[in-house]
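Work through the exercises below with the sequence and the structure side by side. Try each task before reading its solution.

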Amino acid sequence: MRLEGSCHCGSVRFSVEAHEPVPFMRCYCAICRKTAGTGGFAVNLGADRATLEVEGMAQVSVYRATMDNGQPSSGHRHFCKRCGTALWLWDPNWPGLVHPHAGAIDTPLPPPPSVTHMMLGSKPEWVEAHVKP
């Protein structure tokens, strides 16, 4: 499925092919929560990095978080440096994939049959996670 996305201010537009745009992942780690500015989670979709096309790349910056051990995260979090919109994550451990944030996707997505919850131990108490036993 071809996904079209953009940042809030419109400086960056991108498209990418995702073989399975759903289900998506909700990650509750502090990095995803704080860098994406979301209500307790960031939603990432897996897509084919070779198909990523970007307009406005000059407005894209990359953030690499520092882990608890003081080392940089392997994840390269791409965002619009004008408005701060989280756009996609790329990790050299999986070089063929790119993970766009669903909040930046403009293409209507089908409802997910399920949602994967990640890093529940990092979830703050105010975030409600509906997890099936």
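E53 is partly exposed, with 49% relative accessible area; buried means under 20%, exposed over 50%, and partly exposed in between, for a 1.4 Å probe and protein chains only. The model is predicted, so local features need pLDDT of at least 70 and side-chain atom pairs count only at pLDDT 80 or more, while totals for chains, interfaces and linings use all residues. Residues are numbered from 1 along each chain as its sequence is written, and side-chain values use heavy atoms, with hydrogens and water left out.

**Exercise 1. Salt bridges**

Task: Find which residues the salt bridges join into one network.

Solution:
- Step 1. Apply the rule: a side-chain nitrogen of Lys or Arg lies within 4 Å of a carboxyl oxygen of Asp or Glu. The count by this rule is two salt bridges.
- Step 2. Take R2 and E53, whose closest N and O atoms are 3.5 Å apart. R2 belongs to strand β1 and E53 to strand β5 (residues 47–55), so this salt bridge ties together parts 51 residues apart in sequence.
- Step 3. Take E17 and R2, where the closest N and O atoms are also 3.5 Å apart. E17 is in strand β2 and R2 in strand β1, so the pair links parts that are 15 residues apart in sequence.
- Step 4. Check accessibility: E17 is partly exposed at 26%, and R2 is partly exposed at 29%.
- Step 5. Combine the pairs: through shared partners, R2, E17 and E53 form one network.

**Exercise 2. Strands**

Task: State in which sense β1 and β2 pair.

Solution:
- Step 1. List the elements, where helices (H or I, at least four residues) and strands (E, at least two) are DSSP runs numbered from the N terminus. The protein chain has one helix and 10 strands, in the order β-β-β-α-β-β-β-β-β-β-β.
- Step 2. Two strands pair if DSSP finds at least two bridges between them. β1 (residues 2–6) and β2 (residues 13–17) have five bridges and pair in the antiparallel sense.
- Step 3. Locate one opposite pair: S6 faces R13 in β2.
- Step 4. Inspect the turn: six residues separate the two strands of this hairpin, and G10 in the turn has a positive phi of about 85°.

**Exercise 3. Nonpolar cores**

Task: Which residues have the most contacts inside the largest nonpolar core?

Solution:
- Step 1. A nonpolar core is a set of buried Ala, Val, Leu, Ile, Met, Phe, Trp, Tyr and Cys residues joined through side-chain atoms within 4.5 Å.
- Step 2. The largest such core holds 14 residues, and V12, F14, L87 and W88 have the most contacts inside it. At least two of its residues come from β2, and at least two from β8 (86–90).
- Step 3. Follow F14, using contact as heavy atoms within 4.5 Å. Beyond four places in sequence, F14 contacts residues including L3, L52, V54, L87, W88 and I105.
- Step 4. A separate core of five residues includes C29, I31, C32 and A65.

**Exercise 4. A glycine in a loop**

Task: Is G75 buried or exposed?

Solution:
- Step 1. G75 is in the loop between β6 (60–63) and β7 (76–80).
- Step 2. The relative accessibility of G75 is 4%, so G75 counts as buried.
- Step 3. Leaving out residues up to four places away in sequence, G75 touches Y63, R64, L89, W90 and D91.
- Step 4. G75 and V62 are 13 residues apart in sequence, and their C-alpha atoms are 9.5 Å apart.
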